[in-house]
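Me: I've got a structure open and could use a hand reading it. Can we go through it bit by bit?

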Amino acid sequence: MAQIEKPRITLIGGGLAGGLLATYLGRAGHDVTLYERRSDPGAGNFVGGRSINLALSTRGIDALQRVGLADEILSHAIQMRGRMIHDRAGGLHFQPYDKDPAKCINSIGRAALNSVTLAAAQKLPNVRVLFDQRCVDVDLDRPSARLVHTATNAETVVESDLLIGVDGAFSAVRKSMQRLERFDYRQDYLRHGYKELTIPPGPGGEFRMERNALHIWPRRNFMMIALPNPDGSFTCTLFYPFEGAASFDALRTDDDVRRFFESEFPDAVPLMPTLLADYRANPTGAMVTVRCLPWQHDGKVALVGDAAHAVVPFYGQGMNAAFEDVVALDESFRRHGPDWRRVFEAYETSRKANCDALADLAIGNFIEMRDKTASRAFLWKKKIERTLHTVLPRWYLPLYGMVSFSCIPYAEAVTRAKRQDRWVMIVGAMIAVMVIALLFRMFTDERRVACFSIAATIVYVAMQVIIFKSKRWDT
Ligand code: FAD
């Protein structure tokens, strides 16, 4: 294609990443038109079909900061400094995320975040945002998009130089790319679904549980979590299998629902006066991991955010990763423009392996949150991680911290965590062997060599078991 200096760019989707991408591209001076199928959230029309609040962490904040939006957004957020575990008996156990209380994740409303980024884009003279426009098909080679007005059904075809699909996990742009030869695509649904419920504020808007925490009710095969909102309420999300003896499917009547909550989350029930109405009214959502390749076509069309790499929500990173995509694409535009093919290819190369690593981390964290947060072994692992990080702050960084409180690429964080854990196990085994040897030297007679060998073997086997377990935690 001819290399136009200032291309006309069409964005399909004005969700979390779309609004931010329009802001970035608009500030870089590009001519941008964004088409969103929903109505204008600025006109009070926001319909949240997805989770009402989300955890925003360092990567997302960094992306917002670069365009001066972080302070405004964080003013709507509530800091969560650790996990508050609720056991079945109603006991509470706080697990800080980091030894430094400033390292926290932030609970932020999806609607507030979306409105701020879209409003920032709309302020730019070279950005147009059009609502009620649903993309139904894309001609990848022109490129052009066929749009249908959601109220009038009027159809238009818009042509541009570049077209970017920021239209979420069920992307229409990606669907058009799936018709291409040699386009890899894979989607994996979890057996679990999610349902959102509410803990309203107390009298005078007070929080009825600890406000600066992410609350978790881990119950092995399922869990409920709750994130605080600025009005004193909490948005709870129940993650539960769709089908089976213990499942959404099995909770048919109000009595089933009430009995289930009273036996599993007894301390939450008195705080949820609208439980049954919420349960009936709110949909049960599905969670999907999407992997595809390539993320671009012929230097004309690209995918960003969930459209390229939807992940399950358990690391609280989907939106943060989508914001990182925006930064990576913006950098690639600056470095390689106007060679658009290189722009999109370099962006894809910098992000693909990292988003694959995140997809695995997110599934691993589901197991950790619902199952391991309540276990003693998990608490010990966290204690050891915190101690090592305190003693060797440059050398040892816990995986959760690298993912949530740094911008270290996801794949690099995973590799580094595995390397660190391997070293911890080796050094730990050596110290244990030396201590045992010392004790034998002090207290034993001739049999000491044999005893020492046996002890060393036991220690070695134990360490291998721990290494195996820690590998599972790291996935
Ligand atoms: P979306 O936000 O889904 O935006 C896509 C936009 O495109 C929407 O506005 C949609 O209306 C529009 N659109 C779709 N199709 C079309 C079409 N055909 N034509 C025009 N417009 C279209 N991430 C975190 O970082 N932290 C969390 O705590 C977190 N919690 C989550 C909890 C749950 C239950 C779920 C499901 C997800 C969670 N996520 C979280 C993930 C996060 O929601 C997504 O990663 C993020 O929304 C991706 O942004 P996006 O802009 O790519 O997609």
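**The sheet, then the ligand**

Reply: Let's begin with the sheet. Seven strands form an open sheet, in the order β6-β5-β14-β15-β16-β13-β17, with mixed pairing. Strands here are DSSP runs of E with at least two residues, helices are runs of H or I with at least four, and both are numbered from the N terminus. Two strands pair if DSSP finds at least two bridges between them.

Me: Which are the edge strands?
Reply: They are β6 (92–96) and β17 (285–293), and each pairs on one side only. The twist averages 25 degrees from one strand to the next. Axes are lines fitted to C-alpha atoms (for helices, over the stretch in contact), and angles run from 0 to 180 degrees between N-to-C directions.

Me: How do β13 and β16 pair?
Reply: β13 (residues 184–199) and β16 (residues 234–241) are antiparallel, over eight bridges. Y194 has F239 in β16 as its bridge partner. In general, strands of a sheet pair through backbone hydrogen bonds, either parallel or antiparallel.

Me: Is this model predicted or not, and what are the ground rules?
Reply: This is a predicted model: local features need pLDDT of at least 70, side-chain atom pairs count only at pLDDT 80 or more, and totals for chains, interfaces and linings use all residues. Residues are numbered from 1 along each chain as its sequence is written, and side-chain values use heavy atoms, leaving out hydrogens and water.

Me: New topic. How many residues surround the ligand?
Reply: There are 32, and the closest are A17, E36, A55, R110 and D306. A residue counts as near if one of its heavy atoms lies within 4 Å.

Me: Which backbone atoms do the ligand's oxygens meet?
Reply: One oxygen atom is 2.7 Å from a polar backbone atom of A55. For A17, the distance from a ligand oxygen to a polar backbone atom is 2.8 Å. The ligand alone exposes 990 Å², and the protein buries 93% of that. Those areas come from the Shrake-Rupley method with a 1.4 Å probe; for residues, only the protein chains shown count as cover.

Me: Back to E36. Where is it?
Reply: E36 is in the loop between β2 (31–35) and β3. Its C-alpha atom is 5.4 Å from that of Q133, 97 residues apart along the chain.

Me: Why does E36 count as buried?
Reply: Because its relative accessible area is 10%. Buried means under 20%, exposed over 50%, partly exposed in between (1.4 Å probe, protein chains only).

Notes: Polar contact = N/O pair within 3.5 Å; in protein donor to acceptor, adjacent residues only side chain to side chain.
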